[in-house]
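Me: I am new to reading protein models and would love a close look at one part of this one. Could you walk me through it slowly?

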Amino acid sequence: MSMLDEIKPTVKPRVIDLVNAAGIDVSDWGKFRGGEKRAASNPRYCYEWSFLKPGSIVVLNLWYQSLRERNGIVSIDLNLRKSVRRYAEGGKGVWRTRAEKVDNAIQDAAKNRLPVRVIVNDGEMRTADYLSADASRVECRLLDPVPWAVASYDWKTGECRLIRGGLSGKFVDQFSLQPEIEPEVERRMISGIAFVRDAGLRDRALERAKGFCEYCEKPGFATTDGGMFLETHHVVPLGEGGADVAENIAALCPNHHREAHHGARRDEIRRALQRRLKGFASKVK
Ligand SMILES: [Zn+2]
Ligand SMILES: [Zn+2]
């Protein structure tokens with residue numbers, strides 16, 4: 001059974017209930033002429049494509065048909081700014097506004113690393129768009145129990161990728177992977193790099209990084225079991241008097257971890273990481 005089969009909707013619960021279940025306050029839905037009883041069909045909300053608890057949760061409507069699975073990872077590529085332009089040209093003002101809201105919600109999620117909850121819609125997708133439009137017909141929907149995350153967002157173009165499970169709270173490094181996941185050749189390649197041994201310190205760095213390399217800000221990769229992989233690294237090596245504390249341990253993508261050890265720019269990387277972690281140390285105090 002593929003991951004996509006798992007989230008294929010078969011029933012049609014109300015949007016209001018799914019949005020509520022995702023953790024968004026829906027008490028305003030009942031405050032309109034239709035009254036509390038008709039809250040679920042408040043046109044101000046029920047046709048929206050995105051719902052937002054600012055700084056906390058983002059809920060998006062996505063089409064099941066637009067999701068794709070590759071190597072066990074479910075993801076979607078979106079560009080809402082393109083949709084905004086298309087709707088603007090087509091005189092679809094309402095859709096344009098909805099698409100803008102989705103873009104803003106995704107930006108908020110990208111900036112603040114918010115969990116993205118996805119309502120998966122299945123049915124007749126009439127437009128070439130990814131999101132529910134009222135010109136399309138939703139036959140079934142469900143709230144994906146697994147939170148998604150914005151893996152990348154191009155601030156120039158609005159091109160973005162969302163991945164399922166990206167911020168599941170399970171952040172792993174080279175020690176958490178089962179040995180069979182990392183082939184022998186990989187292990188040989190990374191030998192010669194010192195790893196952080198203290199599990200508690202590694203966990204603190206991984207939690208802080210939330211799956212994004214603390215040097216390049218790009219996500220690590222999703223592992224087969226839905227974790228996010230980064231490597232933990234002593235910014236100033238213990239051998240050079242570096243301390244074995246969380247503020248001296250960075251979580252890096254494998255590429256930058258190697259570069260931090262062997263690259264011509266390793267001093268530059270070290271300085272950048274020191275600046276960043278210094279900021280973190282003062283922030284938590
Ligand atoms: Zn990196
Ligand atoms: Zn290292």
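Which residues coordinate the zinc ion (ligand 2), and at what distances?

Reply: Happy to! Keep in mind that this is a predicted model.

The zinc ion (ligand 2) is held by three histidines: His 233 through its ND1 atom, and His 257 and His 261 through their NE2 atoms. The distances are 2.0 to 2.1 Å. If you follow the chain, these donors come in the pattern H-x23-H-x3-H. Try finding two of them in the secondary structure: His 233 sits in strand β12 (residues 231-234), while His 261 belongs to helix α7. The two are 28 residues apart, and the pair links distant parts of the chain.

Now look at how hidden these two residues are. A residue counts as buried when its relative accessible area is under 20%. His 233 has 5%, so it is buried. His 261 has 19%, so it is buried as well.

It helps to set this site beside the other zinc ion (ligand 1). Its protein donors are the SG atoms of Cys 213, Cys 216 and Cys 253, together with ND1 of His 256, and they lie 2.0 to 2.4 Å from the ion. Cys 216 is found in the loop between α6 (199-209) and β10 (221-222), and Cys 253 in the loop between β13 (249-252) and α7 (254-262), so this pair ties together parts that are 37 residues apart in sequence. The spacing of the donors along the chain reads C-x2-C-x36-C-x2-H.

What about the geometry around ligand 1? The angles between its four donor atoms run from 95 to 128°, and the arrangement is therefore tetrahedral. The two cysteines of the pair can also be checked for exposure: Cys 216 has a relative accessibility of 22%, so it counts as partly exposed, whereas Cys 253, at 11%, is buried.

Finally, let us step back to the whole chain. The protein chain has eight helices and 13 strands. Of its 285 residues, 48% count as buried. Among contacts between residues at least 6 apart in sequence, 67% join residues at least 24 apart.

So, to return to your question: His 233, His 257 and His 261 coordinate the zinc ion (ligand 2), and His 233 in β12 and His 261 in α7 come from distant parts of the chain.

How values were computed. Residues are numbered from 1 along each chain as its sequence is written. Chains are lettered from A and ligands numbered from 1 in the order in which they are written. This is a predicted model: local features need pLDDT of at least 70, side-chain atom pairs count only at pLDDT 80 or more; totals for chains, interfaces and linings use all residues. Side-chain values use heavy atoms; hydrogens and water are left out. Donors are N, O and S atoms within 2.8 Å of the metal (3.2 Å for Na, K and Ca); water is not among the atoms, so sites may look incomplete. Four donors count as tetrahedral if all angles lie between 85 and 135 degrees; four count as square planar and six as octahedral if opposite donors are over 155 degrees apart and all others between 65 and 115; anything else is irregular. Helices (H or I, at least four residues) and strands (E, at least two) are DSSP runs, numbered from the N terminus. Buried means under 20% relative accessible area, exposed over 50%, partly exposed in between (1.4 Å probe, protein chains only). Contact means heavy atoms within 4.5 Å.
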